[in-house]
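Student: Mind if I pick at the labels on this one? I'd like to see the reasoning behind each.

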Amino acid sequence: MSNDLYKSALAIGKAVPATEAAIDQALLAMANLTTTLVSARLETGVAPSTGQSALVRLAKAQCDLVSVSSDMLRVHGELKKVQREYCLP
């Protein structure tokens with residue numbers, strides 16, 4: 001196996017889990033924002049409709065990010081196939 005191929009495999013092997021973790025961190029941040037927005041609405045006693053459009057958009061963004069996470073898991077699976085094909089670490 002060439003040294004360049006090995007280096008590339010190691011770089012990809014580090015980048016994939018880092019990307020997956022970053023997506024999970026973004027999901028957590030969105031969940032925290034959702035909690036903060038709803039808590040603020042309850043604590044301040046504003047109308048229940050206050051910020052509703054923002055919450056709807058945030059919920060859609062969360063769903064979209066879950067879809068991104070699923071796609072990333074598929075990417076990971078495809079790269080594992082390449083790894084096995086080339087007998088990479």
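Student: Why are Lys 81 and Glu 78 said to be separated by about one helical turn?

Tutor: Keep in mind that this is a predicted model. Lys 81 and Glu 78 are 3 residues apart in helix 2, so about one helical turn lies between them.

Student: What makes Lys 81 and Glu 78 a salt bridge?

Tutor: Their side chains meet at 3.3 Å, N to O. The cut-off is within 4 Å, so the pair qualifies. In general, side chains of opposite charge can pair when their charged atoms come close.

Student: And how exposed do Lys 81 and Glu 78 count as?

Tutor: Lys 81 has 46% relative accessibility and Glu 78 has 47%. Partly exposed runs between 20% and 50%, so Lys 81 gets that label, and so does Glu 78.

Student: How many salt bridges does the rule give?

Tutor: The count comes to 3. Among them is Asp 64 with Lys 60, at 2.8 Å, N to O; those two sit 4 residues apart in helix 2, again about one helical turn. Asp 71 also pairs with Arg 74, with the closest N and O atoms 2.9 Å apart.

Student: Why is Arg 74 called exposed, and what is Asp 71 called?

Tutor: Arg 74 has a relative accessible area of 53%, and exposed means over 50%, so Arg 74 passes. Asp 71 comes in at 41%, so partly exposed is the label.

Student: Glu 20 is buried; what about a salt bridge there?

Tutor: Glu 20 has none. The nearest side chain of opposite charge, Lys 80, is 8.7 Å away, and the rule asks for within 4 Å, so that pair fails. Setting aside neighbours within four places in sequence, Glu 20 is in contact with Met 72, Leu 73 and His 76.

Student: Which helix holds Glu 20, and what do the buried residues there pack against?

Tutor: Glu 20 lies in helix 1, whose buried residues pack against helix 2.

Student: How do you know that the length of helix 1 agrees with what it should span?

Tutor: At 1.5 Å a residue, its 42 residues should span 62 Å, and the end C-alpha atoms are 61 Å apart, so the two agree.

Student: Last one: which residues form the nonpolar patch on the surface?

Tutor: Leu 5, Ile 12, Val 75, Leu 79, Val 82 and Tyr 86, with about 470 Å² of accessible area together. Membership takes over 30% relative accessible area; Leu 5 has 33%, so Leu 5 clears that bar. Helix 2 gives the largest share of the patch, 3 residues.

Terms used. Residues numbered from 1 in each chain as written. Predicted model: local features only at pLDDT ≥ 70, side-chain atom pairs only at ≥ 80, totals over all residues. Heavy atoms only, no water. Expected span 1.5 Å × (residues − 1). Contact = heavy atoms within 4.5 Å. Patch = residues over 30% accessible without salt bridge, like charges linked within 9 Å, V, L, I, M, F, W, Y side chains within 5 Å. Areas by Shrake-Rupley, 256 points an atom, 1.4 Å probe, with all protein chains shown as cover. Buried < 20%, exposed > 50% of the residue type's maximum accessible area, 1.4 Å probe, protein only. Lys, Arg positive; Asp, Glu negative; His and termini not counted.
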